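Good morning, colleagues, and thank you for making time for this item. I should like to take you through one model, beginning with its sheets and ending with its helices.

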Amino acid sequence: MDRNPSAQLRLLGRFRLECGTRSIDLCRNGQRLLAFLSLRESVPRTVLAGTLWPEVTEEHARGSLRTALWKLPRGELPLVRCCGDVLMVAPALRVDVHALTRTALGVVAGRFPSYRPLPLALLTGEDLLPGWDEDWVLLERERLRQLRLHALDSLAETLVEQGRTALAMEAAWAGIRAEPLRESAHRVVVSAHLAEGNVDEALCHYALFRTLSNEELGVEPSPRFARLLAERLPPRVAAGHHGRAPGAAARRSPDRPAPPVGGTHALA
């Protein structure tokens, strides 16, 4: 390896291990080992071996773990550290999942000042290790998906409060693309339209979501969603918005496509 290299592990999308400008190839067990350690940060050997090789005896599993560790690259930058019976990734190894998690938790906690650009990692939303179907991957994938969706909701709501309505819609639509039936994201789109004074757009989008919710789930939008319109529209318009919803949906602008239907977990 290069002197003083930096290593980056990418688990969002295809597995990639990069050192400086070079891509490093690992065998399948090496990838699984590094991915699991990166997601859990520190793991006892017995737990690690039993999770990655659950179908064999403990002795065989620990032997497979030793082989996978031995096959990891060696050089100036170690990838794994050993502290007694506990293994962990080296602190110098940067992992994209950790960066996404920090960004998402910061947004959810309200740490998103008005001068910052949109966090692209939240908007693009690559899936965690697509094609990997082991239980530990599926659990982490769903955890990250939920965290990202909550962060997008929080980000969109914050941007509406800051008056950055166009950016708020970008964040809200990223959430809708990931989860078409997510009411909280649709509420932000309506809030952004109302903040801009675009009442017709707000009614059109409410009608669009109402139709989608009825067709896919057989339920009406929540009372909270209905109150959003009732509280922010003139009384005459608010009183009639249920009646005009189907017509409003039919007049949706052709350049504003309906949210995708046919699978609520399709990541953007």
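What follows is a short walk through the sheets, the aromatic residues, two unusual backbone positions and the helices.

Please bear in mind throughout that this is a predicted model.

I begin with the sheet that contains strand E1. This is an open sheet of four strands, in the order E3-E2-E1-E7, and its pairing is mixed. Strand E3, residues 22-24, and strand E7, residues 93-95, are the edge strands, each pairing on one side only. On average, neighbouring strands here are turned by 30° against each other, direction ignored. Within the sheet, strand E1 (residues 7-10) and strand E2 (residues 16-19) are joined by four bridges in the antiparallel sense. One position to look at is Arg 10, whose bridge partner in E2 is Arg 16.

Two helices lie across this sheet. Helix H1, residues 28-40, lies across E1, E2 and E7 and runs at about 75° to E7. Helix H4, residues 96-108, lies across E1 and E7, and its angle to E7 is about 55°.

Let me turn to the other sheet. It is open, has three strands in the order E4-E6-E5, and its pairing is antiparallel. Why do strands E4 and E5 each have one side without a neighbour in the sheet? Strand E4 (42-44) and strand E5 (80-83) stand at the edges with a single partner strand each, so one side of each is left free of a neighbour there. The average turn between neighbouring strands of this sheet is 25°, direction ignored. E4 pairs with strand E6, residues 86-89, over three bridges in the antiparallel sense, and Ser 42 stands opposite Met 88 in E6. Helix H2, residues 45-52, lies across E4, E5 and E6, running at about 90° to E4.

The loop that leads from H1 to E4 deserves a moment, since Glu 41 is placed there. Glu 41 is not a glycine, yet its phi is positive, at about 75°. With a relative accessibility of 47%, Glu 41 counts as partly exposed. A second residue of this kind is Leu 129, which has a positive phi of about 45° although it is not a glycine either. Leu 129 is found in the loop between helix H5 (120-124) and H6. Is Leu 129 buried or exposed? Leu 129 is buried, its relative accessible area being 0%.

I now come to the aromatic residues. How many aromatic pairs does a search of the whole structure find? The search finds five. One of them joins Trp 132 and Trp 136 in an edge-to-face arrangement, with 6.4 Å centre to centre and 85° between the planes. Trp 132 and Trp 136 are both buried. These two tryptophans also belong to one aromatic cluster with Phe 15 and Phe 36. In addition, Arg 28 lies over the face of Trp 132, 4.2 Å from the ring centre. A further arginine, Arg 32, lies over the face of Trp 53, at 5.5 Å from the ring centre.

Another pair is formed by Phe 209 and Phe 225, which are tilted, with 5.7 Å centre to centre and 45° between the planes. Phe 209 belongs to helix H9 and Phe 225 to helix H10, so this pair ties together parts that are 16 residues apart in sequence. Both Phe 209 and Phe 225 are buried.

That brings me to the last topic, helices H6 and H8. At 1.5 Å a residue, the 27 residues of H6 should span 39 Å, and the end C-alpha atoms are indeed 39 Å apart. After H6 comes Gly 163, with a positive phi near 80°.

The corresponding check on helix H8, residues 183-195, also agrees: its 13 residues should span 18 Å, and its end C-alpha atoms are 18 Å apart. Why may H8 be described as largely enclosed by the rest of the structure? Twelve of its 13 residues are buried, and H8 is therefore largely enclosed. The buried residues include Glu 183, His 186, Arg 187 and His 193. What covers the buried residues of H8? The cover includes helix H6 (135-161), helix H7 (165-178), helix H9 (199-217) and helix H10 (223-232). H8 is followed by Gly 197, where phi is positive and near 80°.

Thank you; that concludes the presentation.

How values were computed. Residues numbered from 1 in each chain as written. Predicted model: local features only at pLDDT ≥ 70, side-chain atom pairs only at ≥ 80, totals over all residues. Heavy atoms only, no water. Expected span 1.5 Å × (residues − 1). Buried < 20%, exposed > 50% of the residue type's maximum accessible area, 1.4 Å probe, protein only. Contact = heavy atoms within 4.5 Å. Phe/Tyr/Trp six-rings, centres within 6.5 Å; stacked < 30°, edge-to-face > 60°. Lys NZ or Arg CZ within 6 Å of the ring centre and 35° of its normal. Pairing = 2+ DSSP bridges. Axes fitted to C-alpha atoms, helices over the stretch in contact; angles between N-to-C directions.
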